[in-house]
Amino acid sequence: KKGRYPTFWIDIVCIDQTRICDGVKVLSVNVMACTQVLVLCGDTYPERLWCIWELFVLFLFAHKKRLAQRAILMPLSTQSRAIQ
């Protein structure tokens with residue numbers, strides 16, 4: 001609408017939480033549009049299917065040389081079991 005690309009796309013904010021199924025259907029489109037993803041990993045991150053789906057889609061079509069640059073994984077707690 002303003003003639004520029006969005007700077008941030010935050011799934012919990014951009015996906016209508018009352019209609020999550022609809023948002024998950026187009027999740028891969030939003031993720032593939034990202035240059036880079038910041039993953040804030042809580043203790044349950046690797047247990048939630050949509051979180052793993054986001055990473056799967058992010059890496060699926062990425063060039064091998066850019067895989068490490070596509071995601072920044074940041075644990076939110078010292079007990080985090082996040083993927084590293």
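**Close-up views**

**View 1. R19 counts as exposed, at 51% relative accessibility.** Before going further, keep in mind that this is a predicted model. The cut-off for exposed is anything over 50%, so R19 with its 51% makes the grade. Its side chain meets that of D22 in a salt bridge, with N and O 2.6 Å apart. D22 itself is partly exposed, at a relative accessible area of 31%.

**View 2. K25 also forms a salt bridge with D22.** Here the closest N and O atoms sit 3.8 Å apart. The limit for a salt bridge is 4 Å, so the K25 to D22 pair still qualifies. Both residues belong to helix α2, which covers residues 20–25, and they are three residues apart, about one turn of the helix. K25 is exposed, with a relative accessibility of 64%. Shared partners tie R19, D22 and K25 together into one salt-bridge network. How many salt bridges does a search of the whole structure find? It turns up two.

**View 3. C51 and C41 are shown here, with zero disulfides in the count.** Why is C51 left without a bond to C41? The closest cysteine sulfur to that of C51 is the one in C41, and it is 8.5 Å away, which is too far for a bond. A disulfide would need the two sulfur atoms within 2.5 Å. Is C51 buried or exposed? C51 counts as buried, because its relative accessibility is 5% and the cut-off for buried is under 20%.

**View 4. The largest pocket holds about 1100 Å³ of space.** Its lining is made up of 32 residues, and those nearest the centre are W9, I10, D11, V37 and L38. Elements giving two or more residues to this lining are α1 (11–14), α2, α3 (27–32), β1 (37–41) and α4 (49–60). Which of them gives the most? That would be α4, with five residues. As for chemistry, the lining splits into 24 nonpolar residues, five polar ones and three charged ones.

**View 5. L67 has its place in helix α5, residues 67–70.** L67 comes out as partly exposed, because its relative accessibility is 31% and partly exposed covers the range between the buried cut-off of 20% and the exposed cut-off of 50%. Which residues does L67 touch once its neighbours within four places in sequence are set aside? The contacts are with F59 and A62. Q36 makes a handy marker for distance: it is 31 residues from L67 in sequence, and the two C-alpha atoms are 9.9 Å apart in space.

**View 6. Zooming out, the protein chain has five helices and two strands.** Going along the sequence, they follow the pattern α-α-α-β-α-α-β. The protein chain has 84 residues, of which 23% count as buried; C51 from View 3 is buried, at 5% relative accessibility. Contacts across the sequence are worth a look too: among those between residues at least 6 apart, 63% join residues at least 24 apart.

Conventions. Residues numbered from 1 in each chain as written. Predicted model: local features only at pLDDT ≥ 70, side-chain atom pairs only at ≥ 80, totals over all residues. Heavy atoms only, no water. Buried < 20%, exposed > 50% of the residue type's maximum accessible area, 1.4 Å probe, protein only. Helix = DSSP H or I, 4+ residues; strand = E, 2+ residues; numbered from the N terminus. 1 Å grid on protein atoms, 1.4 Å probe; cavity = no way out; pocket = protein on both sides within 12 Å on 5 of 7 lines; lining within 4 Å. Points joined across faces, edges and corners; volume = space filled by probe spheres on them. Nonpolar A, V, L, I, M, F, W, Y, C, P; charged D, E, K, R; others polar. Contact = heavy atoms within 4.5 Å.
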